[in-house]
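Me: Can you walk me through the fold of this one? I'd like the definitions as we go.

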Amino acid sequence: MVRKPARMYNHLAKTAYCRRQYMGGVPGVKVVQFDMGNLSAEFPVAVHLEAIEGCQIRHTAMEAARINMNRRLMSTIGKNDFHLKIRTYPHHVLREHKYATGAGADRVSEGMRLAFGKPVGTAARVAPRQKVFTIWTKKQYIEQAKDALLHAGYKLPTPVRVVVEE
């Protein structure tokens, strides 16, 4: 079965569907780590990636943004001079009504009858002006952190802005 485009899931249309104890077969979250870099040091500057509009961010998009940010920071700053944190968790379970197409589909598919859908993935529900990612670093690395967050924002389904707190 082909995965549906992410634009089908990025709007906050329905209430959150996150009670996993009542549903079976929910795919695991693909985000590998939520904290990267130097976790023990204190850094004076915090750089945030903020979502301008409310949306749902799929766990695959969050993982792609995390990989992009981590690679950029490791190559430009180094492992010991930053702390990257993903501030949202994909709780919301996405559902999809899988129906058969092709030859003989009229005998297999039930159309829209009981079209509740089966779990196909998870997403983080993000409110307007919510911080999605944060990088703590030293003052001389602010531009590199802003660049990493800006490139991670290209992978998210909402317009973003970078906020610096000193």
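Reply: Sure, definitions up front: two strands pair if DSSP finds at least two bridges between them. Helices (H or I, at least four residues) and strands (E, at least two) are DSSP runs, numbered from the N terminus. This is a predicted model, where local features need pLDDT of at least 70, side-chain atom pairs count only at pLDDT 80 or more, and totals for chains, interfaces and linings use all residues. Residues are numbered from 1 along each chain as its sequence is written, and side-chain values use heavy atoms, with hydrogens and water left out.

Me: In what order do the three strands of the open sheet with β3 sit?

Reply: The pairing in that sheet is antiparallel. Its edge strands, β3 (55–58) and β5 (92–96), each pair on one side only. Reading across, the order is β3-β6-β5.

Me: Which residue in β6 is the bridge partner of Gln-56?

Reply: β3 and β6 (residues 118–126) run antiparallel and are joined by four bridges. In β6, the partner of Gln-56 is Arg-125.

Me: What angle does the direction of α1 make with that of β3?

Reply: Axes are lines fitted to C-alpha atoms, for helices over the stretch in contact, and angles run from 0 to 180 degrees between N-to-C directions. Contact itself means heavy atoms within 4.5 Å. Helix α1 packs on the β3-β6-β5 sheet and touches β3 and β6. Its angle to β3 is about 70 degrees.

Me: And the five strands that form an open sheet, what's their order?

Reply: Here too the pairing is antiparallel. The edges are β1 (35–37) and β8 (160–165), each pairing on one side only. The order is β1-β4-β7-β2-β8.

Me: Which residue in β8 does Val-47 stand opposite?

Reply: Strand β2 (residues 45–51) pairs with β8 in the antiparallel sense, over six bridges. Opposite Val-47 in β8 stands Val-164.

Me: Which helix lies across β2, β7 and β8?

Reply: Helix α1 (residues 59–76) lies across β1, β4 (82–86) and β7 (130–137), at about 175 degrees to β4. The helix you're after covers residues 142–153 and runs at about 20 degrees to β2. That's α3.

Me: Is His-11 buried or exposed?

Reply: Buried means under 20% relative accessible area, exposed over 50%, partly exposed in between (1.4 Å probe, protein chains only). His-11 is found in the segment before β1. Its relative accessible area is 58%, so His-11 is exposed.
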